[in-house]
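Before the classifications of a model are used, it is worth asking what each of them rests on. The exchange below takes them one at a time.

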Amino acid sequence: MSTVKADLSLCQGYANCVVAAGDYFDIDDDGKVVLLKIDVPESERTRVEEAARSCPVSALWVED
Ligand code: SF4
């Protein structure tokens with residue numbers, strides 16, 4: 001099981017992550033990403049990593 005992490009100080013609310021994986025990411029009223037789920041099963045890792053890579057300011061990453 002992997003874990004998805006976010007650096008809120010970097011997030012600019014572009015919402016690419018929400019478009020790519022709306023079951024893991026949302027945006028709050030302040031325009032910052034919200035992690036809806038933290039644990040990433042292996043079966044979903046590629047999809048969540050692609051969503052993290054879609055962030056233009058590299059505020060998201062997946063850790064082992
Ligand atoms: S794509 Fe990046 S900057 Fe945009 S909301 Fe998601 S984490 Fe924030």
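**Grounds for each label**

Within strand 5, K5 has W61 as its bridge partner. The model is a predicted one, in which local features need pLDDT of at least 70 and side-chain atom pairs count only at pLDDT 80 or more, while totals for chains, interfaces and linings use all residues. Residues are numbered from 1 along each chain as its sequence is written.

Q: What makes strand 1 and strand 5 a pair?
A: Two strands pair if DSSP finds at least two bridges between them, strands being DSSP runs (E, at least two residues) and helices likewise (H or I, at least four), numbered from the N terminus. Strand 1 (residues 2-6) and strand 5 are joined by 4 bridges and run antiparallel, so the pairing criterion is met.

Q: Why are strand 4 and strand 5 said to stand at the edges?
A: The open sheet consists of 3 strands in the order 4-1-5, with antiparallel pairing. Strand 4 and strand 5 (60-63) each have a single partner strand, so one side of each is left without a neighbour in the sheet.

Q: Why is I38 called exposed?
A: A residue is exposed if 12 or fewer other C-beta atoms, placed from the backbone, lie within 10 Å of its own, buried if 20 or more do, and partly exposed in between. I38 has 12 C-beta neighbours inside 10 Å, and therefore counts as exposed. Its place is in the loop between strand 3 (33-35) and strand 4 (39-40).

Q: Why does V19 in helix 1 count as exposed?
A: V19 has 11 other C-beta atoms within 10 Å, and so it is exposed. The C-alpha atoms of V19 and A51 are separated by 8.2 Å, although the two residues are 32 apart along the chain.

Q: What makes the largest nonpolar core a core, and which residues have the most contacts inside it?
A: A nonpolar core is a set of buried Ala, Val, Leu, Ile, Met, Phe, Trp, Tyr and Cys residues joined through C-beta atoms within 7 Å. The largest such set has 14 residues, and C17, V48, A51 and A52 have the most contacts inside it. Helix 2 gives the most to this core, with 3 residues.

Q: With which residues is A52 in contact, leaving aside its neighbours within four places in sequence?
A: Contact requires C-beta atoms, placed from the backbone, to lie within 7 Å. On that basis A52 is in contact with V4, C17, L60, W61 and V62.

Conventions:
Contact = placed C-beta atoms within 7 Å.
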